[in-house]
Amino acid sequence: MGEPIRSIIILIAVLVGVLAIAAGLIWLERRMLGLWQDRYGPNRAGPFGSLQVAADMIKIFTKEDWIPPFADKPVFVIAPAIIVVTTLLSFAIIPFAPGIEIVNLNIGLLFFLAMSSLSVYSVALAGWASDNKYSLLGGLRAAAQMLGYEVFMGLSLVGVVMLAGSFSLREIVEAQRKVWFVIPQFLGFVIFLIAGLAETRRIPFDLPEAENELVAGYHTEYSGMKFGMFFVGEYIGVTLISALIATLFFGGWLGPLLPPLLWMMIKTFFFICGFILVRASLPRLRYDQLLSFGWKLMLPLSLLNIVVTGAIILAAS
Amino acid sequence: MDQNIDILQQLRVRFGEGIFTPQATFDDVTTVWAPKESTHEVLRYLKEDIPKPFRMLYDVTAIDERLRSHRLDQSDTDFTIVYHLLSFDRNMDIRIKTALKGGNPSVSSIVDIWQSANWYEREIWDMFGIRFEGHPHLRRILMPPSWEGHPLRKEHPARATEMGPFQLPEEKAESLEKDLQFHPEEWGMKFGGEDTDFMFLNLGPQHPGTHGLLRIILALDGEEIADAAMDIGYHHRGAEKMAERQSWHTFIPYTDRIDYLGGVMNNFAYVQAVERLAGIQVPEKAQMIRIMMAEFFRISSHLVWYGTFAQDLGAMSPVFYMFNDRERVFEIVSAITGGRMHPAWFRIGGVSQDLPKGWDRLVDDFIQYFPARLAEYDKLVMQNRIFKARTQGIGAYTLDEAIEWGVTGPGLRACGLDWDFRKKRPYSGYDQLQFDVPTANNGDCYDRAVVRVEELRQSLRIIEQCLKNMPEGSYKSDHPLATPPRKENTMKDIETLITHFLSVSWGPVIPPGEAFFRIEATKGANSYHLISDGNSMAYRVRIRTPSFAHLQMVPSITRGLTIADLIAILGSVDYVLADVDR
């Protein structure tokens with residue numbers, strides 16, 4: 001009797017927590033960018049502009065939710081939901097602390113990879129359903145980009161799985177008690193970080209959106225809450241990738257003194273800030289450059305990483 | 001002057017004695033009248049066969065001569081076409097004029113000699129209704145396709161009050177929209193390649209990457225640009241027409257808004273052209289102040305380019321840093337002139353006011369502050385590997401192509417030619433200042449950036465010399481045509497008071513004649529060709545802007561590249577749409 005209730009409580013807590021963090025990120029990112037770009041950022045609504053999120057929410061909920069008459073209506077409506085659903089589902093497998101996780105899947109990592117593959121449909125379908133040439137180009141770029149980075153994203157994690165001997169994230173964290181995987185798997189970490197940037201479609205990989213080239217890319221035709229879903233979906237994605245980096249390479253909840261949940265949050269927050277800093281500093285790649293970067297550099301490197309890791313494990317045993 | 005006689009001799013030897021008539025002007029440009037039938041051949045000869053050829057078609061324009069009373073030594077003509085050529089080997093300009101008779105004249109096109117003549121001839125058709133036989137695509141360029149009349153003709157009204165109230169009923173709005181539909185076949189574009197159909201993408205006039213109201217129609221094969229057509233004119237405000245209805249003095253603020261990032265740099269070309277006509281010698285101090293302010297605006301304009309170029313490539317932060325620095329420039333500009341972007345501060349005969357107390361400290365602070373920032377920007381932008389990957393080898397053109405298309409300024413210097421009008425034709429005392437002319441060799445987006453970044457440093461160097469060597473003296477000439485006249489004696493004797501009153505209320509009457517002045521503006525060669533009919537207003541003002549020529553060549557360097565590259569090219573070309581459309 002106690003177990004299902006506990007699960008439901010955790011589930012609701014994670015859902016609310018993740019959405020709150022994602023919404024808070026909208027404010028945080030704008031403030032951080034303001035700080036790094038010698039300007040203020042939102043500082044009017046509430047103390048330090050912290051009510052900016054509420055203001056944004058009111059705006060986005062009350063805006064006219066317009067569907068262009070030329071759009072493919074059902075697909076146009078479903079597309080923004082896909083990204084939110086798939087990224088939220090991925091949180092199911094993340095162990096925030098011992099005992100605080102929704103499910104402990106023994107194929108947890110595979111589940112995440114599956115969900116991230118699905119999420120690209122959101123962007124590709126949005127681009128297609130809008131029946132707008134800019135959106136279409138954005139959708140095409142998203143599909144090509146997905147093919148480019150998805151492969152090495154999966155491969156970059158194989159080293160971690162080999163070391164931990166499991167796909168379960170809880171066991172992966174447990175396996176890092178001696179040393180965080182970022183040290184033996186540094187290459188894997190770097191590759192996953194890059195793939196994560198691409199997964200969340202942020203600079204330097206924000207090609208499907210590419211404001212200066214494609215107006216707003218795949219979500220050019222979206223407004224109101226449907227646009228808001230893409231917007232929040234991006235921040236949920238950032239939180240997800242940061243939480244995964246913390247879990248897979250930086251020991252998850254492990255850490256001295258502070259409670260495990262706090263450690264997990266500190267680590268996640270650190271990488272979120274890293275994501276924002278990257279956005280503030282880098283220009284955007286061109287689409288063919290991204291593809292050749294993925295296939296010609298990242299893929300061989302991640303394969304090399306697997307071979308070397310395997311050889312070392314073999315030699316050690 | 002020897003060179004001028006020499007060129008006329010060569011032309012006469014080649015084409016016969018009687019057909020060429022030289023014309024005296026107030027500038028140093030050889031002006032020769034050639035008959036309509038032989039103009040085409042004369043131009044071809046000047047470009048291709050003459051030793052040390054005139055390889056650049058610097059400008060083509062027309063004059064409606066029908067109401068002109070001071071005809072001077074020119075032939076009887078209703079319309080005149082003016083071809084302005086430039087030779088780099090000779091460091092010399094030549095102006096070939098052709099007289100046309102009748103109300104709807106035509107002349108043979110020279111697009112077969114210079115591709116760059118295309119837009120210039122379209123502009124003349126649009127503005128004067130002169131037909132060019134053999135032009136591949138003679139249609140309006142600046143005015144909407146449905147416009148009635150040709151605005152720069154003297155019979156065309158210049159004021160809204162002469163035109164009847166403006167109305168836009170729904171049918172008219174619809175027909176105007178219909179006019180803007182793109183028909184590829186009209187532009188000589190294909191619908192598909194060997195085994196693909198092209199997608200036509202309408203980029204602009206509202207688009208974040210076009211830096212203003214510019215419309216580009218792309219024929220896309222995937223993301224690859226198979227062909228591109230430019231549609232300009234959305235920013236046209238009729239500056240040349242307005243010049244014919246403004247006094248010589250009150251036109252100055254209009255010039256500020258031509259290259260709207262250039263501020264007083266625009267005044268610079270205009271007032272010097274007027275001074276040439278009026279024969280005004282500008283005091284040394286005024287000259288030096290002008291140089292200093294012009295260089296501040298070069299810095300400010302280049303900073304806008306720098307930031308937005310980085311932003312075009314997706315880098316988000318540089319634009320904020322650079323706009324902050326630009327704000328520091330504007331603080332100095334506003335302390336000295338009272339204005340920011342468009343101070344309209346230069347005057348015929350000098351500048352508006354003397355430098356304020358404490359200007360030197362402001363300028364000195366900036367000189368101390370700026371180099372460290374430039375070094376930081378180098379690390380942030382120029383040395384960034386993604387930035388290099390996006391710009392190196394993209395949008396490259398050769399020196400020959402640059403000359404063919406009339407490219408001047410940093411775009412020309414990025415091809416390896418150290419051609420800077422501040423060095424080659426020093427004006428306003430630039431010959432007394434030390435600065436280098438930066439060049440680069442590849443002519444691609446990156447090299448254009450390299451040249452501009454180095455120009456920022458050189459401008460700072462010039463400003464520093466102005467600060468250290470600012471001469472004593474007056475900020476405005478005492479010449480009677482200097483406007484507004486200096487006020488010292490107005491309340492002391494009636495003659496000066498009357499002159500002052502007339503000059504301020506009516507404006508100066510500039511003696512009849514023609515003069516041209518060209519400066520090295522922020523984006524390239526900017527020049528004003530003024531024709532005075534002995535009136536308080538100009539008879540004709542021709543504004544030759546660098547952006548017009550630069551934008552025209554963009555399609556030729558984008559074919560085969562992607563949309564992302566096009567945006568990089570547009571950023572690196574550094575045009576201002578107001579400078580294109582005027």
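Buried area is the accessible area, taken with a 1.4 Å probe, that two parts lose on being put together, summed over both. With that in hand, here are three exercises on this predicted model.

**Exercise 1. Describe the interface of chain B and chain A: how much area is buried, and which residues and elements supply it?**

*Step 1, extent.* Start with the area: chain B and chain A bury about 2,600 Å² between them, and carbon and sulfur atoms account for 57% of it. In terms of contacts, 34 residues of chain B meet 27 residues of chain A.

*Step 2, main contributors.* Look next for B:Glu223, B:Met316 and B:Ile386, which supply 22% of the area that chain B buries against chain A, more than any other three residues.

*Step 3, polar links.* There are two salt bridges between chain B and chain A. B:Asp565 makes a salt bridge with A:Arg286, with 2.7 Å between the closest N and O atoms; this counts because the cut-off is 4 Å. Eleven residue pairs are in polar contact between chain B and chain A.

*Step 4, elements.* On the side of chain B that touches chain A, at least two residues each come from S8, helix H8 (284–312), helix H9 (318–337), helix H11 (385–391) and H18 of chain B. S8(B) gives the largest share, five residues.

**Exercise 2. Strand S8 of chain B belongs to a sheet. In what order do the strands of this sheet run, and which helices pack on it?**

*Step 1, order.* The sheet is open and has three strands of chain B, in the order S8-S9-S10, with antiparallel pairing. At the edges are strand S8 (199–203) and strand S10 (224–231) of chain B, each of which pairs on one side only. On average, neighbouring strands are turned by 20° against each other, direction ignored.

*Step 2, one pairing in detail.* Strand S9 (residues 215–221) of chain B pairs with S10(B) in the antiparallel sense over seven bridges. To find your place in the structure, note that B:Ile216 stands opposite B:Met230 in S10(B).

*Step 3, helices.* From chain A comes helix H5 (residues 133–164), which packs on the sheet and touches S8 and S9 of chain B. The direction of H5 of chain A makes about 110° with that of S8(B). Helix H18 (residues 563–573) of chain B also packs on the sheet, touching S8, S9 and S10 of chain B, and its direction makes about 150° with that of S9(B).

**Exercise 3. Now stay within chain B: how do domain 1 and domain 2 of chain B meet, and which strand gives the largest share of the domain 1 side?**

*Step 1, bounds.* The domain assignment gives domain 1 (2–144) and domain 2 (239–581) of chain B. Their C-alpha centres lie 27 Å apart.

*Step 2, extent.* Contacts link 45 residues of domain 1 of chain B with 39 residues of domain 2 of chain B. The two domains bury about 3,500 Å² between them, 54% of which carbon and sulfur atoms give. B:Phe26, B:Tyr58 and B:Trp119 supply 21% of the area that domain 1 of chain B buries against domain 2 of chain B, more than any other three residues.

*Step 3, polar links.* Eight salt bridges cross this domain interface. B:Glu514 forms a salt bridge with B:Arg68, the closest N and O atoms being 3.5 Å apart. Polar contacts between the domains come to 26 residue pairs.

*Step 4, the strand.* Elements giving two or more residues to the domain 1 side include strand S3 (56–64) and helix H3 (117–128) of chain B. The largest share, nine residues, comes from S3(B).

How values were computed
Residues numbered from 1 in each chain as written. Chains lettered and ligands numbered in written order. Predicted model: local features only at pLDDT ≥ 70, side-chain atom pairs only at ≥ 80, totals over all residues. Heavy atoms only, no water. Pairing = 2+ DSSP bridges. Helix = DSSP H or I, 4+ residues; strand = E, 2+ residues; numbered from the N terminus. Axes fitted to C-alpha atoms, helices over the stretch in contact; angles between N-to-C directions. Contact = heavy atoms within 4.5 Å. Domains from an automatic or database assignment. Salt bridge = Lys/Arg side-chain N within 4 Å of Asp/Glu carboxyl O. Polar contact = N/O pair within 3.5 Å; in protein donor to acceptor, adjacent residues only side chain to side chain.
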